[in-house]
Amino acid sequence: MGPLSPTRTMRLWGPRSLGVALGVFMTIGFALQLWGGPFQRRLPGLQLRQSWASTPRPAVPSCLPRQRLVFLKTHKSGSSSVLSLLHRYGDRHGLRFALPARYQFGYPKLFQASRVKGYRPQGGGTQPPFHILCHHMRFNLKEVLQVMPSDSFFFSIVRDPAALARSAFSYYKSTSSAFRKSPSLAAFLDNPRAFYQPGARGDHYARNLLWFDFGLPFPPEMRTKRGNPHPPRDPNPPQLPSGVGARAHTLDPNALFHPVPTVADGHRQTSSSASLDLGSSSFIQWNLAWLDSVFDLVLVAEYFDESLVLLADALCWGLDDVVGFMHNAQAGGGQGGSAVGDGGLTTEDRQLSARARAWNNLDWALYVHFNRSLWARIKQYGQSRLDSAVAALRARREALAKHCLVGGEALDPKYITDRRFRPFQFGSGKVLGYVLRSGLSLQDQEECGRLATPELQYKDKLDAKQFPPAVSVPLKTSRLPPPPRHQTTES
């Protein structure tokens, strides 16, 4: 693993130490502010390896591409599309992936280094270094740093909990006991405690899924015993403030603790700011501060293309390194791409979104926090520069889709007969995939195939490449020489 840098060393002060008295943490936090601790993150200078406009490419790049990456693949947040570009980049550059034995690292259990295929702990012999860790896990920094260098680039992606709840209900209805018992998402959110039991099998999909994936601890009022149908109510987050347009980065941080109408135990209630536990506010903020000290960048699904531009800039990658097709998207759904805002929704849908954000209050706090940090980074990058880069990325994606794909878009799985490109079907919705056009050159077949390959098939491809099956060679049996012609034996 190598020596830890000072900042990465501080990452090991994980959120699970928050069980100690909060007052002690506040004292430490005040000291860190005075001394310049890891929570005071500095935005790195953002330089593109090459211009995406028509300006001449510099003879000497101003930075070197980053190739030690840790991507926390969160659920139902557009993360499969990010995984696709990581698969392609690593495959093209001959990088070594930290792969699970199957397709996830023991999820929903916390990540353990021992689950990485081919991993040998320190003292267990030399092994080639890993470059990319990117498959589903529940984040566990201490164990991640046993596998990846401490100076790796850490990043993840989040999604508006209202959109995530819609996707998760469809996809995990047969997996989550809470979703399985509910006739619809609206019925579930109207009275979630009638269906949800903390600790029940698969119910981590039904509440604060992002918070869970980030490996963060839950506040005491949510850590109830398994099967308790009436856990204490926790503070509820607000609806999206009225008047907020496409630029959700203007959200007031205090909006997290504004009143919001909720439904619990069959009774409509309105929480007031006076009833909120300030300890919960501090608990959330301390966890968010810790995440800021760990992750170099967090993408936002609703601003997916803008996030990809910032990712390419931070990694010193080029346009073709981050352009790609959407993966694991459900028919009639999607994985983001529309900005937060309820202006185009019906009154019923707006109420559903508000209840989803209230029920997933920790995810909403997390989303607002990283949405704000994304737009702070965009401001530093430059809005006009960003608009040009996003336009170039979208034009390139459209051109690749027209060149590579039948119909130039994702198709219903019934049209996908090639098993290499047929996505895994799970949940109540159809997962879309791609069909390559006929007549492509061999080189285009390879590149278009990389773009169209679903995550499970690509993981299998990387696994076979990294761990080729041993070829068994039959052993030749050596025959004994014949005895001398005149040799005799005595009895």
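Visitor: Which residue takes a positive phi just after α13, and of about how many degrees?
Guide: The model is predicted. Helix α13 covers residues 361-381. Just after this helix, the residue with a positive phi is G382, at about 110°.

Visitor: What span should the 21 residues of α13 have, and how far apart are its end C-alpha atoms?
Guide: The expected span rests on 1.5 Å a residue, which gives 30 Å for α13. The expectation agrees with the model, because the end C-alpha atoms of α13 are apart by 30 Å.

Visitor: How many of the residues of α13 are buried?
Guide: Across the chain of 491 residues, buried residues make up 52%. Helix α13 is largely enclosed by the rest of the structure, because the buried residues among its 21 number 16.

Visitor: Which side chain of opposite charge is nearest to D363, and how far away is it?
Guide: D363 is found in α13 and is buried. A salt bridge needs a nitrogen–oxygen distance within 4 Å, and D363 has none. The nearest side chain of opposite charge belongs to R207, and the distance is 8.9 Å.

Visitor: Which residues is D363 in contact with, leaving aside neighbours within four places in sequence?
Guide: Contact here means heavy atoms within 4.5 Å. With those sequence neighbours set aside, the contacts of D363 are P161, N208, L209, L210 and W211.

Visitor: What share of contacts between residues at least 6 apart in sequence joins residues at least 24 apart?
Guide: The chain has 16 helices and six strands. Of its contacts between residues at least 6 apart, the share joining residues at least 24 apart is 77%.

How values were computed
Residues are numbered from 1 along each chain as its sequence is written. This is a predicted model: local features need pLDDT of at least 70, side-chain atom pairs count only at pLDDT 80 or more; totals for chains, interfaces and linings use all residues. Side-chain values use heavy atoms; hydrogens and water are left out. Helices (H or I, at least four residues) and strands (E, at least two) are DSSP runs, numbered from the N terminus. Buried means under 20% relative accessible area, exposed over 50%, partly exposed in between (1.4 Å probe, protein chains only). Lys and Arg count as positive and Asp and Glu as negative; His and the chain ends are not counted. The expected span of a helix is 1.5 Å times one less than its number of residues.
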